Amino acid sequence: MSYLKNPKVSVGLNLVFLLILSISGWSCQSASETTALPVLSPSGPVQPPADPLNKLTASELKKHVVYLANDELAGREAGTTGGKKAAEYVAKEFKNIGLKTLAPSNSYFQEFTVQGLDLRNVLGYIEGSDPVLKKESVVIGAHYDHLGLGGSGSRGSASGQIHPGADDNASGIAGLIELARAFVALPEKPKRSIIFIAFDGEEKMMLGSRHYTQNPWWPLEKTIYMVNLDQIGRSINDKIIVLGSLSNLTSKETLTELNNRTVKLDLQFKNLGAMELASDNGPFYQQKIPYLFFNSGRYDDRHTPNDTIDKINAAGMEKICRLIFQYTLQVANTAARPVYQEM
């Protein structure tokens with residue numbers, strides 16, 4: 001570099017260097033003052049925590065639906081090989097995410113036998129951060145079973161054909177898994193504990209959720225709220241049906257305010273009376289636990305072999321899950337517990 005031997009050039013470079021230091025605020029510091037400079041990690045500056053909402057993506061949600069609704073699982077009927085594979089898939093995801101187990105055996109499975117069927121709910125949880133409120137919990141639930149090859153519950157003459165149940169309810173399980181991932185990614189955990197439950201046997205009169213509420217792994221008197229995801233995969237024009245707002249009279253206002261500030265879905269609050277208790281929120285409501293039930297609406301090919309992966313609106317699922325995440329987080333962090341209201 002011969003130009004450095006030129007005194008005029010050297011002086012000019014020194015002036016430029018001093019100017020840069022002056023602009024950047026470093027100027028002429030002593031050796032002791034340089035300790036105040038940012039500490040760099042080997043890979044560069046320490047980055048702020050990532051937004052947990054970034055964990056809720058259409059591609060990840062769709063990935064779970066694709067697995068759960070594939071022919072290998074043969075419709076995930078409760079008690080079948082396909083149903084057991086679905087449960088194992090959820091348990092593996094819970095472990096990879098880092099959810100804690102509630103069972104003394106360190107298992108994610110709550111196993112039980114009913115109506116001659118060997119069934120299992122899949123449970124994991126995040127412990128709350130508040131010393132007092134962490135003793136209470138919010139449940140997020142979805143059922144993973146479907147109709148298998150048809151039979152009872154199938155619509156039309158489709159017995160013997162695989163009912164893949166992409167929307168009902170592979171979509172809800174996909175949401176459950178990715179919501180768990182988002183909550184784990186929070187830099188500060190929710191004040192209350194959050195329990196994630198994948199229920200078995202919902203299509204056979206809510207066998208899994210009935211069993212859990214009769215044999216809870218968390219005291220029901222300390223379970224303050226339930227959020228149910230059942231068919232969230234076929235939203236049209238950003239519409240989502242919300243049931244259960246009458247079980248707690250502040251939930252509609254809270255959810256609407258959050259929605260208006262964030263994803264701006266078309267919220268359709270409805271009251272179907274006893275009909276809306278025919279999903280896993282029902283047994284919780286019967287225990288005087290308020291709930292919200294999210295559903296993207298009914299359609300002609302529900303409970304048929306035509307509830308397939310290609311009809312899933314993954315982008316819509318992403319918006320719905322982002323709203324559910326923010327709503328559940330607010331419930332978990334609010335000091336006053338939601339008040340149960342008889343509908």
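## A tour of the helix packing

Start by selecting α2 (residues 58-68) and α8 (residues 314-333): α2 passes α8 in a right-handed crossing, a term for the near helix being turned clockwise from the far one by less than a right angle, with anticlockwise giving left-handed. Show side chains for Ala58, Leu61, Lys62 and Val65 of α2 and for Ala314, Ala315, Met317, Glu318 and Cys321 of α8, which make the contact (heavy atoms within 4.5 Å). The two axes, lines fitted to C-alpha atoms over the stretch in contact, lie 8 Å apart at an angle of about 110 degrees. That angle makes α2 roughly perpendicular to α8 (65 to 115 degrees; under 35 is roughly parallel, over 145 roughly antiparallel and the rest oblique).

Before moving on, a word on what you have open. This is a predicted model, in which local features need pLDDT of at least 70, side-chain atom pairs count only at pLDDT 80 or more, and totals for chains, interfaces and linings use all residues. Residues are numbered from 1 along each chain as its sequence is written, and side-chain values use heavy atoms, leaving out hydrogens and water.

Keep α8 on screen and add α4 (residues 166-184). Here the axes are 10 Å apart and the angle is about 50 degrees, which makes α4 oblique to α8. This crossing, too, is right-handed. On the α4 side, pick Ser171, Ala174, Gly175, Leu179, Ala182 and Phe183; they meet Met317, Cys321, Ile324, Phe325, Thr328 and Leu329 in α8.

Next, select α3, residues 81-97. Its 17 residues reach 24 Å from first C-alpha to last, close to the 24 Å expected at 1.5 Å a residue (1.5 Å times one less than the number of residues). Which residues of α3 are buried? They are Gly82, Gly83, Ala86, Ala87, Tyr89, Val90, Ala91, Glu93, Phe94 and Ile97, with buried meaning under 20% relative accessible area for a 1.4 Å probe, protein chains only. Add α2, β1 (109-114), β2 (117-126), α4 and β4 to see what these residues pack against. Just after α3, stop at Gly98, whose phi is positive, about 105 degrees.

Finally, color by pLDDT, the predictor's confidence in each residue from 0 to 100. The protein averages 87, and 85% of the residues score at least 70. Strand β4 (residues 193-199) has the highest mean among the elements, 99, and helix α1 (residues 7-24) the lowest, 37. Over residues 1-49 pLDDT stays under 50, and the model has 13 contacts beyond four places in sequence for this stretch.

Zoom out to take in eight helices and eight strands, which are DSSP runs (H or I, at least four residues; E, at least two) numbered from the N terminus.

Methods:
Buried means under 20% relative accessible area, exposed over 50%, partly exposed in between (1.4 Å probe, protein chains only). Axes are lines fitted to C-alpha atoms, for helices over the stretch in contact, and angles run from 0 to 180 degrees between N-to-C directions.
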